[in-house]
Number of protein chains: 2
Amino acid sequence: MTSRQTVTIIDVARAAGVSKSTAGRALAGASEVSARTREKVARVAAELGYRPNKLARSMITGNTETVGVVVPDLSNRFFAEALQSIARTVRKHGYEVLVSGTEGERELERRSVETLAAKRVDGVIVAPLDGPDDEHLRRLAEDGTALVLLDRPAPGVDRASFVSTNNIEASRLAIDHLVGLGHRHIGIVSEARYDPALADATEPSTAGLRPSAMRLAGYVQALTSAGIPVRPEYMRYSAYSSAISYDATRTLLRTNPEITAIYCTDNVLSAGAFAAVQDSGLRCPHDLSLIGFDDHEWSTLVRPRLTVVEQPTEAIGVAAAEDLLDAIAEPTRPPVTRLLSAHLVVRDSTATPRG
Amino acid sequence: MTSRQTVTIIDVARAAGVSKSTAGRALAGASEVSARTREKVARVAAELGYRPNKLARSMITGNTETVGVVVPDLSNRFFAEALQSIARTVRKHGYEVLVSGTEGERELERRSVETLAAKRVDGVIVAPLDGPDDEHLRRLAEDGTALVLLDRPAPGVDRASFVSTNNIEASRLAIDHLVGLGHRHIGIVSEARYDPALADATEPSTAGLRPSAMRLAGYVQALTSAGIPVRPEYMRYSAYSSAISYDATRTLLRTNPEITAIYCTDNVLSAGAFAAVQDSGLRCPHDLSLIGFDDHEWSTLVRPRLTVVEQPTEAIGVAAAEDLLDAIAEPTRPPVTRLLSAHLVVRDSTATPRG
DNA sequence: CTGAAAGCGCTAACAT
DNA sequence: ATGTTAGCGCTTTCAG
């Protein structure tokens, strides 16, 4: 047989000598069927190789036991790990995951969300791309699909929960550590561009900012608290690429030789920054301290071992999944915001500044 | 509105003053509808916020435009990248991906495959776990679902294509490089255990072996071709864990101090092996050469830079996706086996042996 | 405890 | 070019 859907519940019913409905009830393990028929139906179903058609079931019940996960980059370690813990968490409750990588393209994100809705997933977890147009997400939530925003907010979308690292606090951890060591000239390589308004940004007024912007804001605020002047020339923008981060870091060091420490706010940027420091001729941590973002497997393999701000990636995935399951089970429950704390892992790439 | 599935095609039809089927045809862009009605239906649908129910559609057409991807470890870089290229490739053809991480548990794999079948996916790509029971996969394929095996074979399952790195060749690349440098005492850290039969294994008689066993076989064969004796004590087993690989490598070096080179056959094992070499007191590559598996972002960040055997991960994902799409489009087409070539990236961790 | 019938939302003949 | 009818496979009233 090469044809799909060979045996239906009708075949089972016929072979067991009962009606379609009785067969259905027996298979569902309903209590109002006699043990005898239940057994017989089960046996016949097994013999025939019956496999229930969940599509048909979903048509009636209205739920698919499927959730969507939409992230910008499936091969990014952060999202890959988040996906894994999401999948694990929802599976315990009988859900499968429809996944979609948007590769930085808003249009792909829009279409993915549209398709998920058309496939009637019970809920969606999305790490939205930055952009003005949140219409697709708003509609999804308003149409009654449970929605959780992961890692990145979507300003125009209420009715969605939000789970993320507390990025301002994460930066404070890094900068306070450096300041405590005596650093005063601290550069930053970030995927966000500086905006003077960041200085005043506080939770929850920053709720609309992307992670990188939040981390930059945390940097600015931590410096300010410490009474250290904030210098725009110390903040270097880098696109989402290790190679570009390399160049940004080299430039930062060349144009501001007085810098004694660099903080890098993203895991793909950290690799480029580390390589740049290696090639700069500066000795780390003697001449320059470096803090990376996210814990990589290489953090302890390189020399010096890298001090990093570590996000609670797995916990974020679990929290997002749990919030989603809650929203599915209880659609009227108001959305929640959960900011999980990062922590600093001090290794050998940070030290007292020279002289 | 918090209820799902607010507006159906009947609502659209009614609002547009046409019949259900005309509305359906118009929405599908069929040519036999007048431009006027097509426009009107489209406008009305947009106004009402109509979203087609793909479940209903799938019930009739028999396909879901969804493929399943089942892998042991979603956070492993190899599978994460493969997943990304699979998702990208199938999306171009209008397919979404239902993903499932089996975490090394056969029972989870079985259930995942069962669920995918119940959800009537059009095809499945699976990297099966090692084990005697392939029944779930065989049934899937025999019931007419397109099936591609990724990275690992499943002996009892014909009617499935197979896409993988040519692992024997991959090991030959590594060992030939070391032998060419003059090494004669070459150890291996592998997730496979040595079996004398490996010495004779050749494609396609090795078709049933897991990647790690294939790589071990390649090591044995390359040594044999070079006239170097194969010593069981040079082959060290490690479970799938960086920490365990660390211990295995330390032990290998302690018990066989004459070894001048180590080849490590898995990406998670490579990190542990590298750390072990760092801590061994041996200078790499002067005292000991090391070859890792898969290209990691840290390969160029550590010192010495790591020489590795690099798998064509993205190409594997693309090939698996394409073979699957082919099998979906043309169910009678016989399954294919594709072994893609790895290549050696020579960096600084390999050199002529001391003395 | 079991059966008959209705219908989920849509497409696909079959008419007109 | 449009409408009517009949299902896809299943669950779920409603009757017995």
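1. Chain B can be laid on chain A with an RMSD of 0.1 Å by a turn of 180 degrees combined with a shift of 0.1 Å along the axis, copies being superposed by least squares on the C-alpha atoms of residues with pLDDT of at least 70 in both. That is the relation of a two-fold axis. The same surface serves both copies, in that 100% of the contact residues of chain B recur in chain A; two residues are in contact if their C-beta atoms, placed from the backbone, lie within 7 Å.

2. This is a predicted model, in which local features need pLDDT of at least 70 and side-chain atom pairs count only at pLDDT 80 or more, while totals for chains, interfaces and linings use all residues. Residues are numbered from 1 along each chain as its sequence is written, and chains are lettered from A and ligands numbered from 1 in the order in which they are written.

3. An open sheet of twelve strands, with mixed pairing, has the order S11(A)-S5(A)-S4(A)-S3(A)-S1(A)-S2(A)-S2(B)-S1(B)-S3(B)-S4(B)-S5(B)-S11(B). Its edge strands are S11 (337–340) of chain A and S11 (337–340) of chain B, each of which pairs on one side only. From one strand to the next the twist averages 20 degrees. Helices (H or I, at least four residues) and strands (E, at least two) are DSSP runs, numbered from the N terminus, and two strands pair if DSSP finds at least two bridges between them.

4. Within chain A, strand S1 (residues 66–71) and strand S3 (residues 123–126) run parallel and are joined by four bridges; the bridge partner of A:Gly68 in S3(A) is A:Val124.

5. Helix H6 (residues 106–118) of chain B lies across strand S2 (96–101) of chain A as well as strands S1 (66–71), S2 (96–101) and S3 (123–126) of chain B, and runs at about 180 degrees to S1(B). Axes here are lines fitted to C-alpha atoms, for helices over the stretch in contact, and angles run from 0 to 180 degrees between N-to-C directions.

6. DNA strand D is surrounded by 26 residues, the closest being A:Ile9, A:Ser21, A:Ala56, B:Ser19 and B:Ser21, where a residue is near a molecule or strand if its C-beta atom, placed from the backbone, lies within 6 Å of it. H4(A) gives the most to this surface, with five residues.

7. Around DNA strand C there are 25 residues, of which the closest are A:Ser21, A:Thr22, B:Ile9, B:Ser21 and B:Ala56. Here the largest share of the surface, five residues, comes from H4(B).
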